[in-house]
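Visitor: Could you take me closely through one part of this structure, the largest cavity and the helix packing beside its lining, and be careful about how each term is defined?

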Amino acid sequence: MRVLHVLDHSLPLHSGYAFRTKAIMRTQMADGLDVRGITGPRHTAEGPAEETCEGLHFHRSAGSAGGPPLLSEWREVAAHADAIVRLAEDWRPDVLHAHSPALCGLAAIRAGNKLGIPVVYEIRAFWEDAAVGNGTGTQGSAKYRLTRALENFVVKRVDAVFTICEGLRGDLIGRGFPPQKIGISPNAVDLAQFGEPAARDEALARKLGLAEGPVIGFIGSFYPYEGLDDLIAALPLLRERHGHAKLLLVGGGPEDGALRAQAAASPASDAIIFTGRVPHQEVANYYALTDVLAFPRKKSRLTDLVTPLKPLEAMAQGRIVAASDVGGHRELIDHDQTGVLFPADDPAGMARALADMLDHEDVWPIMRERAQAFIASERDWQINSRRYHAVYHRLLGKPLDRSPNSAAWMAPDGAVHARNGGSA
């Protein structure tokens, strides 16, 4: 079976989006599928029109969209769809698997209609909410409403939908889409990279000034919704009970400058270490330097609906995880069993929770064991890959009606049903 992934961007660019795509494609290839990706005009990395990155085959849509709003996006969709059709004339995919944003879904629908092949659409986040979380959009604005309407348009017209978590799936059901159409392929871990915890690198620890004292860590992107300002504010309070505690911040992003300024003004400034971004293949070395990974996401529509990836990597690496009690974290962490949840937007509450964890290291071994068992049984990419395969095969095994009111969809148990509710 040949599957063409329709993407916003990909490797060699590094992002959570690109790494999830890499995990999906690699696992599908290991399972015997013939897999390629095609990126849209927003892929900005320099390179040829066709290239292999880390063993994965990608095609690039030529040109760049331009013009006033709406016209620019329409040109982008058209260019991406035309590139898919041109590639399909030679490579002949069996399934188009588009990934959010909705512009990729629109391009896949347009191409799928021309080619007569099924389209699967995967939502990793609602991009209107992500824009609000990143500080580049406003909830309820005209752009916010239009982006939401485009998402609804795509979900209605594709043959099957995946989301990465229950929060996103429940929101779509609340909009009136049938539950049977929407499956879940949750964030997962590449156990080949993160399944074996890295050994502590003492030279790296000395270089960073982490030779002694408990280390609270964060590894990820520095966006406003991540709540790293609250984590920095919590450190002096934590040090009232654990005077040698340090904070290790690994990564970068839009909030980098503001966070460094806040840290410099903190009474605990000498205990806050920024590493900047590190190569993805070296991330495990930084996990090994931490005692507790803290994920202090602020409460918002985005963080309540979307599950992050980094807590799963931390669990796989045998790290103790503490996170704010937003919806996305509650899907991943069983409080006091696989990790600890603390109040969101509350530096004092966070400090108390972290101090309590450091006071009770005796429970850490069983907590690690439970967390790693959860990853192995439910959040391994090998498991996720088979969720897709069942849908692909069922869509290819029945006649396709491309009209908005009769396309096939996938039930959570892998069954395919007609849109009128009858069993196929």
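Guide: What follows deals with the cavities and then with one helix pair.

The model is predicted, so local features need pLDDT of at least 70 and side-chain atom pairs count only at pLDDT 80 or more, whereas totals for chains, interfaces and linings use all residues. Residues are numbered from 1 along each chain as its sequence is written, and side-chain values use heavy atoms, with hydrogens and water left out.

A search of the whole structure finds 2 cavities of 30 Å³ or more, a cavity being a set of points, on a 1 Å grid over the protein atoms alone, where a 1.4 Å probe fits but cannot get out. The largest has a volume of about 150 Å³, where volume is the space filled by probe spheres set on the points, and grid points are joined across faces, edges and corners. Its lining (residues with an atom within 4 Å of a point) comprises 14 residues, of which Phe19, Ala23, Asp190, Leu309 and Trp381 are the closest to the centre. Helix H1 (16-30) and helix H7 (191-194) are the elements that give two or more residues to this lining, and H1 gives the most, with 4 residues; helices here are DSSP runs of H or I with at least four residues, numbered from the N terminus. By class, the lining has 7 nonpolar, 3 polar and 4 charged residues, with Ala, Val, Leu, Ile, Met, Phe, Trp, Tyr, Cys and Pro counted as nonpolar, Asp, Glu, Lys and Arg as charged, and the others, Gly among them, as polar.

H1 also packs against helix H17 (residues 381-396), at an angle of about 70° and with the axes 9 Å apart. Axes are lines fitted to C-alpha atoms, for helices over the stretch in contact, and angles run from 0 to 180 degrees between N-to-C directions. H1 and H17 are therefore roughly perpendicular to each other, a term that covers 65 to 115 degrees. On the H1 side the contact (heavy atoms within 4.5 Å) is made by Arg20, Ala23, Ile24, Thr27 and Gln28, and on the H17 side by Trp381, Gln382, Ser385, Tyr388, His389 and Tyr392. This contact has 5 nonpolar, 5 polar and 1 charged residues. Ala23 and Trp381, which belong to this contact, are also among the residues closest to the centre of the largest cavity.

For the second largest cavity, the volume is about 70 Å³.

Notes:
On a 1 Å grid over the protein atoms alone, a cavity is a set of points where a 1.4 Å probe fits but cannot get out, and a pocket is an open set with protein on both sides within 12 Å along at least five of seven lines; lining residues have an atom within 4 Å of a point. Angles under 35 degrees count as roughly parallel, over 145 as roughly antiparallel, 65 to 115 as roughly perpendicular and the rest as oblique.
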